[in-house]
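This briefing goes through selected local features of one protein model. Please view the sequence and the structure alongside the text.

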Amino acid sequence: MPDDLCRKLLEDFLRSSWTCVKDTVEALSGFSDVRKVVFFRFRNGRKVEQTFEGTHFFLRSSVEYSNPQLTVEEVQGIIGARMIEVCGNHFHAYGLKEPDNTDFDEICEALKKPPAGLIVPFLLNTDDIEPDRYSMNPMRKSIVTSGQSAIPAAYVKPEPLAIDKQFLSKYEGKLLSKSEAELINTHHANAKDSYLDFVDSVKYAEMEEFSRTFGIDLSLPVLRMPLTTLQAESTDSLLHHIIRGAHRDYEAVSQAYSCMGRSMTKRTTLLTVPHSKNGYGSKRAARGRLHFNEAKLESVHVKYETTPLYPNSVDPDDVSIAEAEDDFTVAGEKLVQYSFRETPSSPQFFLYSLGSPENGVVWHGIGAYAAPQLLHSYVSVHSACMKWLIKDLKDIYGVKTSVPMQFNLAPEGMWVHPVYHNIDASIGTVGDPSELVRRGMKIEHLSAFK
C-alpha cells in the first residue's frame, strides 16, 4: 500500500504540476548559492543538529507550534515539498523529458529516503505564535488557566499543561484522534522545560509513522524563527540588523508600511511587537502606535488587551482567547539601536523571513486558506531590499534578497478530512489515507508578483 500511495501521488503531481518541475529545473541551471545552514531534527525522541554546507537550493515548508498534533494540511505541505525536491533533483540530473517507468521507480525510491541532492526541503517553524492560535490545541484549557495564552510559544512551559477532556470529547475524530491524545500524553510526560521540543517530538513521531503509511520520508529538518534565532544572535547579527534597518527613520518605516500595503496615516502597525514584562507577546492581542519627532522614531506605545484568536474549521464559534492586559511605552532608540536582550520583541513575518535561507517556498492554499496579503508583503519586502529598504544585507551577511520561487498548494486540491472537510483535521483522524491521495497533489508555481 505505501508504494501504491507514493506512486499515485507522484503520477498526479507530474501530470498536474509539470510546470513546477520544469521551472524548478530551469532555476537550478547555473544555480550557485553557497552557504552553511544548521537545522535540527528529532531522532528517537532526541534533538540532533543537521548541517548543510556548500551549494544547496533550500525549499521551505512549515508546521505549526499552535498544536502538537500533525494536521492533514501540514502533511500535504511536506509531501508537496518532497515532490518538488526529488523531481527537481531527478530531472536536473537527467534532463527534462516525458517520465517513463524507470523515472517513476527511481523517484519513488528517492522519496522513501531522507532528502539528498541540490534541493533541500526544510521546515521553517514560527516560534512567536500563541500556543492555541487556531483554536485547535487539545491543551487549551490549561494554556489559559496557567496564564500562557498570550505568551509566545517559545516561552511556554509544558509542565502545567494537560489535555482538556472537554476538547477531546467534542473534537475526537475531527481535530484529534484518541491515539494521538495518548501520544501527546506520552511525550508530555517526558517533556522538560521546552514547549517547542515537546511539540516537535510529537510531530516527528507522527511524521515517522506516516512516512511508512505514504512510503515517503516526511521527517524534514527544522529551523525555528524568529525568537530562537534572535536569542542566539549578537546585536550585530542578521535579524537584529533587519529590525534596526526597518526602524532607522520615518522613510524606512514608510517603506516597510508600503510593502504591507499599509498607510502611514495612523501608524498603528508595529513592525516588531515589543513583549510585555509580564511575558505577553501575542501579535493578535497587541495594539500599538509609532510616534515620530520629524524623521526620528521617538517612541512606540504598546497596549495588550484580551483578544479572540482564530477559529478552527469545525466550530467557528469556539474561538480561543489570548488573555493579556498591559500598557507601556518603548523608547524609539531601543528599536533603532536594537538589542533583543534589552527589548524582546516579535518582528513581523515579512521582515524576519529575509533571514531564512529559502530559495523557494511552498505556501498552503494562498487565495482560499491563506491570505494573499501575506504573499504580497513577503514578495514586496524582498524586492524592496534589492532597491532601498535594507540594501546591505548581501554585502554584510551574504544574503541574497532576490524573490524566492513561490509554490502554492492549489486551493481546489487542498487535503481535507473525508467526512468533515476541514484542512485542520489531524492526520490521525483519517481512517483511510488513500482518501487523501485521491485528491492528488496539485501545486502551482506563482509568478513573483501574481
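**Sheet S7-S8-S11**

His 291 has Ser 299 in S8 as its bridge partner. The model is predicted, and the pairing just named belongs to an open sheet of three strands with the order S7-S8-S11 and antiparallel pairing. S7 and strand S11 (326-331) stand at the edges with a single partner strand each, so one side of each has no neighbour in the sheet. Neighbouring strands of this sheet are turned against each other by 15 degrees on average, direction ignored.

*Pairing of S7 and S8*

- Eight bridges pair S7 with strand S8 (residues 296-304) in the antiparallel sense.
- Opposite Gly 288 stands Val 302 in S8.
- The two strands S7 and S8 form a hairpin with two residues between them.
- In the turn of this hairpin, Glu 294 has a positive phi of about 55 degrees.

*Faces of S7*

- In a regular strand, side chains alternate between the two faces of the sheet.
- Strand S7 (residues 286-293) shows such an alternation of side chains.
- Ala 286, Gly 288, Leu 290 and Phe 292 point to one face of S7 and are buried.
- Arg 287, Arg 289, His 291 and Asn 293 point to the other face and are not buried.

*Pairing of S8 and S11*

- S8 and S11 run antiparallel and are joined by six bridges.
- Val 300 has Val 330 in S11 as its bridge partner.
- Lys 303 is bridged to Asp 327 in S11.

**Pro 274 in strand S6**

- Pro 274 is located in strand S6, which covers residues 272-274.
- Its relative accessibility is 1%, so Pro 274 counts as buried.
- Beyond its neighbours within four places in sequence, Pro 274 is in contact with Val 302, Tyr 304, Phe 328, Val 330, Pro 344 and Ser 345.
- Among these contacts, Val 302 is the residue that stands opposite Gly 288, and Val 330 is the bridge partner of Val 300.
- Pro 274 and Leu 335 are 61 residues apart along the chain, and their C-alpha atoms are separated by 9.4 Å.

**Helix H11 and its ends**

- The buried residues in helix H11 (residues 250-260) are Ala 252, Val 253, Gln 255, Ala 256, Tyr 257, Cys 259 and Met 260.
- In an α-helix, with 3.6 residues a turn, residues three or four places apart point the same way.
- The N-terminal end of H11 is capped by Asp 249, which has a side-chain oxygen 3.2 Å from the backbone nitrogen of Glu 251.
- Gly 261, just after H11, takes a positive phi of about 75 degrees.

**Two buried charged residues in loops**

*Arg 133*

- Arg 133 lies in the loop between strand S4 (119-126) and helix H5 (140-145).
- Arg 133 counts as buried because its relative accessibility is 17%, below the 20% cut-off.
- Its side chain makes a polar contact of 2.7 Å with the side chain of Glu 130.
- Another polar contact, of 3.3 Å, joins the side chains of Arg 133 and Tyr 134.
- With neighbours within four places in sequence left aside, Arg 133 is in contact with Ser 66, Leu 309 and Tyr 310.

*Asp 164*

- Asp 164 is placed in the loop between H5 and helix H6 (165-171).
- With a relative accessible area of 12%, Asp 164 is buried.
- A polar atom of the Asp 164 side chain lies 3.0 Å from the backbone nitrogen of Gln 166.
- Once neighbours within four places in sequence are left aside, the contacts of Asp 164 are Pro 138, Met 139, Arg 140 and Lys 141.
- One of these, Arg 140, is 24 residues from Asp 164 along the chain, with the two C-alpha atoms separated by 6.6 Å.

**Aromatic rings**

- There are 20 aromatic pairs in the structure.
- One aromatic cluster is formed by Phe 39, Phe 52, Phe 58 and Phe 122.
- Over the face of Phe 40 lies Lys 47, at 4.7 Å from the ring centre.
- The ring of Trp 363 has the charged end of Arg 60 over it, 4.8 Å from its centre.

Definitions and conventions:
Residues numbered from 1 in each chain as written. Predicted model: local features only at pLDDT ≥ 70, side-chain atom pairs only at ≥ 80, totals over all residues. Heavy atoms only, no water. Buried < 20%, exposed > 50% of the residue type's maximum accessible area, 1.4 Å probe, protein only. Helix = DSSP H or I, 4+ residues; strand = E, 2+ residues; numbered from the N terminus. Polar contact = N/O pair within 3.5 Å; in protein donor to acceptor, adjacent residues only side chain to side chain. Contact = heavy atoms within 4.5 Å. Phe/Tyr/Trp six-rings, centres within 6.5 Å; stacked < 30°, edge-to-face > 60°. Lys NZ or Arg CZ within 6 Å of the ring centre and 35° of its normal. Pairing = 2+ DSSP bridges. Axes fitted to C-alpha atoms, helices over the stretch in contact; angles between N-to-C directions.
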